[in-house]
Amino acid sequence: MEPLLTVKNLKMHFPIQKGFFRKVVGYVKAVDDVSFYVLPGETLGLVGESGCGKTTVGRCIMRVYQPTAGEILYTNQAGNHVNLATLPNSVLKPYRRELRMIFQDPYSSLNPRLTVKDIVGEPLIVHNVAGGKELEDRVALLMQRVGLRPEYMRRYPHAFSGGQRQRIGVARALALDPRVVICDEAVSALDVSVQAQIINLLEDLQAEYNLTYVFISHDLSVVEYMAERVAVMYVGKLVEVATTKELYATPMHPYTEALLSAIPKPDPRRRSKRIILEGDVADPAHPPTGCYFHPRCRYAKANCKTETPALREVLPEHFVSCHYAEQLSLRGI
């Protein structure tokens, strides 16, 4: 199957400016040479610690940020490949209908001055899809589809709970019948019981509308339930990409092993020893030489400090960025 979305060697470097004349003295390498693909109808999980660059990847795909380098190849409905990374803003509007985003914070992502009708209906007005009575009917239908009563469209965001606000965000993302949805920590700000409701809603919508998800999260237990494949990021780089079943059972990168060890076990009789990583996360403005993870890796050797490992296919569809991936025997769940 041909990928719907392909990211190749994506880089997003933010300049560090100092002095009265705002001279550029360095760069924060938020995303540094990231490559992956997403198949139609698939959910790709993008995981990692806070600050690893996963949200920046999502915003580059949405073209909130203009990437420093790399390609974002999107296959449009005509079957043509379009590089979203280099398109000027003036011609991006048609693609903003097909790629939508659900934001992390259900409070700050909704304008408190607008009613729900205005929030959900705004994309329909901007893209000249509907207006008047048709607009109101479509907003009512969207609200019903996400589990809210249509009469609530006259209310303002402050009248809703966090879970209801996130449902409004989902309705806004679905307003233009998208093909790809970037879920940026879509459930991390919600209670556990509400998380389950939103996750089930996202799965139902994916099956109904044949949506493709890039599911960004730091919660590996949620990603295990949602995603068919998982990509693990560390300080702007991908360190491992594999199917969910294989990555959780047999991780091949030490960082992935440490992340999996932090997943809480539902059975109190099954206690496993958590791997505590020493030191701090590397500074993306001044990353270490060689493998970025080597200062915290208990398996690191001399060449890990000087040689940067490439993301290579160790097993079929299992990519790892580690010099000793084949030699390590790591613990999964």
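This passage describes two sheets, several helices and two buried residues of a predicted model.

The strands of a sheet pair through backbone hydrogen bonds, and this pairing can be either parallel or antiparallel. In the predicted model, one open sheet is built of four strands in the order 2-1-4-5, and its pairing is antiparallel. Strand 2 (residues 23–38) and strand 5 (residues 81–83) stand at the edges of this sheet, and because each has a single partner strand, one side of each is left without a neighbour in the sheet. From one strand to the next, the twist averages 30°. Within the sheet, strand 1 (residues 5–18) and strand 4 (residues 69–75) run antiparallel and are joined by five bridges, with lysine 8 standing opposite glutamate 71 of strand 4. Helix 1 (residues 54–61) packs on this sheet, where it touches strand 1, strand 2 and strand 4, and the direction of helix 1 makes about 110° with that of strand 1.

A further open sheet contains eight strands in the order 6-7-8-3-9-10-12-11, and here the pairing is mixed. Its edge strands are strand 6 and strand 11 (residues 312–315), each of which pairs on one side only. Neighbouring strands of this sheet are turned against each other by 25° on average, if direction is ignored. Parallel pairing is found between strand 3 (residues 43–47) and strand 9 (residues 229–234), which are linked over four bridges, and valine 47 stands opposite valine 232 in strand 9.

Strand 6 (residues 99–102) also takes part in the surroundings of helix 3, since the buried residues of this helix pack against strand 6, helix 4 (residues 132–145) and helix 5 (residues 162–174). The buried residues of helix 3 (residues 116–126) are Val116, Lys117, Ile119, Val120, Gly121, Pro123 and Leu124. An α-helix has 3.6 residues a turn, so residues three or four places apart point the same way. Just after helix 3, asparagine 128 takes a positive phi of about 55°.

Helix 5 packs in turn with helix 6, their axes lying 10 Å apart at an angle of about 15°. The two helices, helix 5 and helix 6, are therefore roughly parallel to each other, the cut-off for this description being an angle under 35 degrees. The crossing in which helix 5 passes helix 6 is right-handed. On the side of helix 5, Gly163, Arg167, Val170 and Leu174 meet Val194, Gln197, Ile198, Leu201, Leu202 and Leu205 of helix 6.

Glutamine 195 also belongs to helix 6 (residues 192–209), and this residue counts as buried because its relative accessibility is 12%, where buried means under 20%. A polar atom of the glutamine 195 side chain lies 3.0 Å from the backbone oxygen of valine 187, and a polar atom of that side chain lies 3.2 Å from the backbone oxygen of leucine 190. When neighbours within four places in sequence are left aside, glutamine 195 is in contact with Val187, Ser188, Leu190, Asp219 and Val222.

Proline 254 is part of helix 9 (residues 254–261) and likewise counts as buried, because its relative accessibility is 6%. Not counting residues up to four places away in sequence, proline 254 touches Phe293, Cys297, Tyr299, Cys322, Leu328 and Leu330. The C-alpha atoms of proline 254 and leucine 277, which are 23 residues apart along the chain, are separated by 10.0 Å.

Technical notes:
Residues numbered from 1 in each chain as written. Predicted model: local features only at pLDDT ≥ 70, side-chain atom pairs only at ≥ 80, totals over all residues. Heavy atoms only, no water. Buried < 20%, exposed > 50% of the residue type's maximum accessible area, 1.4 Å probe, protein only. Contact = heavy atoms within 4.5 Å. Pairing = 2+ DSSP bridges. Axes fitted to C-alpha atoms, helices over the stretch in contact; angles between N-to-C directions. Polar contact = N/O pair within 3.5 Å; in protein donor to acceptor, adjacent residues only side chain to side chain. Parallel < 35°, antiparallel > 145°, perpendicular 65-115°, else oblique. Left-handed = near helix turned anticlockwise from the far one by under 90°.
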